Amino acid sequence: MARSITDLGTGGSLVVLFLCLTTHFSVLPFAEAVWFPIPTTGTKCMSEEIQKNVVVLADYYVVTENGPQISTVSVKVTSPYGNSLYHNENATQGQFAFTTEESGTYVACFWLDSNHEHEATLSLDWKIGIAAKDWDSVAKKEKIEGVELELRKLEGAVEAIHGYLVYMKDK
């Protein structure tokens, strides 16, 4: 007879908590930026499959390499149905944030403005869900620190993992 996680009782809950604690760093993405080249012609896109009602934050900037000319880029972020969520032109840096309204693949495309002789490098720090949460402000607001703050982060991670599993099951 198959049992769901909710039917496992205290022992099962401890097993789930243990698994979440031990896999916390391998399941959840670290908040590190990705650097990638943008060709002189064409567009470079990054995509992420995200479920509904998830917060997305991203910072980007053109990485300079001691050249006399600083490259500028244009950016367009679209939803799974092609709706434009963010658009910026002639930027050396920027930031976008939104909460997803539908599940699916969200795409951020970057291209160089005007004609450049050399490709540029872009740094993109894309955070979704629990990684996008501002834990410093949560700690200050609720006056928590140390182990209690880490437990709150883990609780958020467990909720995110559960939500993702439900999403994958429905899919």
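A residue is taken as buried when its relative accessible area, computed with a 1.4 Å probe, is under 20%. In this predicted model, Tyr86 and Phe96 are both buried by that criterion, and Tyr60 is likewise buried.

Aromatic rings are counted as paired when their centres lie within 6.5 Å, and by this rule the count comes to eight aromatic pairs. The ring centres of Tyr60 and Phe96 are 6.4 Å apart with their planes at 40°, so the pair is classed as tilted. This contact links distant parts of the chain, since Tyr60 belongs to strand S3 (residues 55–63) and Phe96 to strand S6 (residues 93–99), 36 residues apart. Phe96 also forms a tilted pair with Tyr86, for which the centre-to-centre distance is 5.2 Å and the angle between the planes is 35°; here Tyr86 lies in strand S5 (residues 84–91), 10 residues from Phe96 in strand S6. Ring pairs join these three residues into a cluster that also includes Phe36, Phe98, Tyr106, Phe110 and Trp126.

Strand S5 is, in addition, part of an open sheet of four strands, arranged in the order S2-S7-S4-S5 with antiparallel pairing. Strands S2 (44–50) and S5 occupy the edges, each with a single partner strand, so one side of each is left without a neighbour in the sheet. From one strand to the next, the twist averages 10°. Strand S2 pairs with strand S7 (residues 104–112) in the antiparallel sense over seven bridges, and the bridge partner of Cys45 in S7 is Cys109.

Technical notes: Residues are numbered from 1 along each chain as its sequence is written. This is a predicted model: local features need pLDDT of at least 70, side-chain atom pairs count only at pLDDT 80 or more; totals for chains, interfaces and linings use all residues. Side-chain values use heavy atoms; hydrogens and water are left out. Rings of Phe, Tyr and Trp (its six-membered ring) pair if their centres lie within 6.5 Å; planes under 30 degrees apart count as stacked, over 60 as edge-to-face and the rest as tilted. Helices (H or I, at least four residues) and strands (E, at least two) are DSSP runs, numbered from the N terminus. Buried means under 20% relative accessible area, exposed over 50%, partly exposed in between (1.4 Å probe, protein chains only). Two strands pair if DSSP finds at least two bridges between them. Axes are lines fitted to C-alpha atoms, for helices over the stretch in contact, and angles run from 0 to 180 degrees between N-to-C directions.
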